[in-house]
Amino acid sequence: MKRILALDGGGVRGIFSLQILARLEELFRDEAGRPDLVLADVFQMIAGTSTGAIIATCLSWGMSVKEVENLYITRSAEMFTKESWYRRYKAKYRSDALRTAFCRIFCEDEEGAVPALLGSKKLKTLLVILMRDASTGSSWPVSNNPNALYADPSSAECNLNIPLWQLVRASTAAPAFFAPEQIHIGPNRHLFVDGGITPFNNPVLIAVLMATLPPYRVCWPATRHDLHVVSVGTGTALARLPAKPADKINVMDQFGFVVPALLGSVAWEQDLLCRVLGDCVHGCVLDSEVGALQEPTLLSPAEQKFTYVRYDELKKAVRLGALELPQNEVQLDDISRIPFLQEAGRTYAAEHVRLEHLYPRSWKALTP
């Protein structure tokens with residue numbers, strides 16, 4: 001059985017995702033009797049968008065979840081270094097801070113002097129990173145699959161020759177927060193921005209397609225017994241306008257609503273499609289009409305393409321002790337909320353993440 005792990009974007013809210021991943025790692029370690037097991041030992045493909053791309057790349061690099069969480073806790077302030085006031089018309093934060101951090105991590109030496117490329121042998125899994133090519137207007141899912149169309153080492157357009165840190169930086173280049181990342185591909189210069197500005201802020205469906213569709217040249221079998229997919233969100237609430245009368249809603253209210261509403265809607269759609277195509281063994285209620293779709297729908301058990309798990313929490317607020325904070329107020333760059341997100345993620349993981357979710361259900365379990 002092949003396993004895919006897909007990680008949503010969401011800035012510092014990736015801390016929420018890491019608590020779920022820590023529980024997954026713990027379950028696999030206990031089952032295998034290996035306290036040194038990391039998620040790269042059990043997942044053959046890891047995909048991520050934006051903050052999910054950081055986590056995915058670190059995990060594929062062979063890091064433990066604890067190491068990745070420590071990176072977020074100790075380096076978040078560095079990664080969100082504000083631009084000088086006279087340059088803030090370009091971006092809120094300095095991109096060189098991210099560049100420095102990623103160069104130190106994803107290198108072939110110990111000093112960060114020799115950057116690791118996408119084709120690096122240090123990556124222990126297939127890795128999928130999502131970004132948007134703002135020069136061509138296209139979504140850009142890139143992987144280290146050596147059989148991919150743009151993986152010919154002799155070609156000037158070989159994606160495997162792009163520095164890994166640069167791809168991660170590109171996937172996290174949230175417009176207005178960070179400047180675009182410039183990457184030369186062959187003779188051409190391309191500007192890349194955050195993968196959240198694509199249909200794949202939740203990258204689970206594109207990861208499944210890259211693993212199974214023949215044009216992507218991975219060609220894993222697509223059955224509920226052969227392919228297991230775990231999708232992890234960032235615990236974000238559904239976007240809402242302020243609780244005001246309609247004639248009191250202003251332009252700033254609407255600007256603050258539109259982007260998270262679009263990102264959340266597309267992520268919801270990707271989740272819905274995966275529940276229709278696969279056997280959803282766990283996931284929250286999507287809405288009051290369709291429910292959680294945890295039973296065969298359009299496809300019979302024999303036709304379902306994969307086993308599917310979605311871990312995410314759609315609540316109005318997160319609670320830390322006696323203090324409650326609306327989740328839609330946990331902004332992607334608000335590092336002061338890290339303790340909130342840790343507590344919310346640990347609570348969610350303890351309540352929802354189970355070993356039985358990580359294997360296909362029996363046929364009997366799917367028989368009315």
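Two strands pair if DSSP finds at least two bridges between them, and this is the sense in which strands are called paired in the legends below, all of which show close-up views of a predicted model.

**View 1. Strands S5 and S6 form an antiparallel pair.**
Strand S5, residues 181-185, is joined to strand S6, residues 188-194, by five bridges, and the two strands pair in the antiparallel sense. Two of the residues in S5 can be followed across to their partners: Ile183 has His190 as its bridge partner in S6, while the bridge partner of His184 in S6 is Arg189. In this hairpin two residues lie between the strands, and Gly186 takes a positive phi near 65°.

**View 2. The side chains of strand S5 alternate between two faces.**
Glu181, Ile183 and Ile185 point to one face of strand S5 and are buried, whereas Gln182 and His184 point to the other face and are not buried. The two residues whose partners were named in View 1 therefore fall on opposite sides of this pattern, because a residue counts as buried under 20% relative accessible area, and Ile183 is buried while His184 is not.

**View 3. Strand S6 also pairs with strand S3.**
Strand S3, made up of residues 126-133, runs antiparallel to S6, and three bridges join these strands. Within this pairing, the residue that stands opposite Val193 of S6 is Arg132.

**View 4. Asn144 sits in a loop and is buried.**
The loop that holds Asn144 lies between strand S4 (138-143) and helix H5 (164-171). Asn144 has a relative accessible area of 11%, and so it counts as buried. When its neighbours within four places in sequence are left aside, Asn144 is in contact with Leu118, Leu123, Thr125, Leu126, Leu127 and Leu160. The side chain of Asn144 reaches two backbone atoms among these residues, namely the oxygen of Thr125 at 3.1 Å and the nitrogen of Leu127 at 2.7 Å. For a sense of how the chain folds back here, Asn144 and Lys121 are 23 residues apart in sequence, and their C-alpha atoms are 9.8 Å apart in space.

**View 5. Arg94 and Asp96 form a salt bridge between partly exposed residues.**
A search of the whole structure finds 14 salt bridges, and one of them links Arg94 to Asp96, with the closest N and O atoms 2.7 Å apart. Arg94 is partly exposed, with a relative accessible area of 32%, and Asp96 is also partly exposed, its relative accessible area being 29%.

**View 6. Arg337 and Asp334 form a salt bridge, and a network links five other residues.**
In the salt bridge between Arg337 and Asp334, the closest N and O atoms are 3.4 Å apart. Arg337 is partly exposed, with a relative accessible area of 25%, whereas Asp334, at 19% relative accessibility, counts as buried. Elsewhere, salt bridges that share partners join Asp8, Asp271, Arg275, Arg310 and Asp312 into one network.

**View 7. Arg310 and Asp312 meet in a salt bridge between buried residues.**
The side chains of Arg310 and Asp312 meet in a salt bridge, with an N to O distance of 3.4 Å. Arg310 is buried, as its relative accessible area is 4%, and Asp312 likewise counts as buried, at 8% relative accessibility.

Technical notes. Residues are numbered from 1 along each chain as its sequence is written. This is a predicted model: local features need pLDDT of at least 70, side-chain atom pairs count only at pLDDT 80 or more; totals for chains, interfaces and linings use all residues. Side-chain values use heavy atoms; hydrogens and water are left out. Helices (H or I, at least four residues) and strands (E, at least two) are DSSP runs, numbered from the N terminus. Buried means under 20% relative accessible area, exposed over 50%, partly exposed in between (1.4 Å probe, protein chains only). Contact means heavy atoms within 4.5 Å. A polar contact is a pair of N or O atoms within 3.5 Å; within protein, one must be able to donate a hydrogen and the other to accept it, and residues adjacent in sequence count only if both atoms are side-chain atoms. A salt bridge is a side-chain nitrogen of Lys or Arg within 4 Å of a carboxyl oxygen of Asp or Glu.
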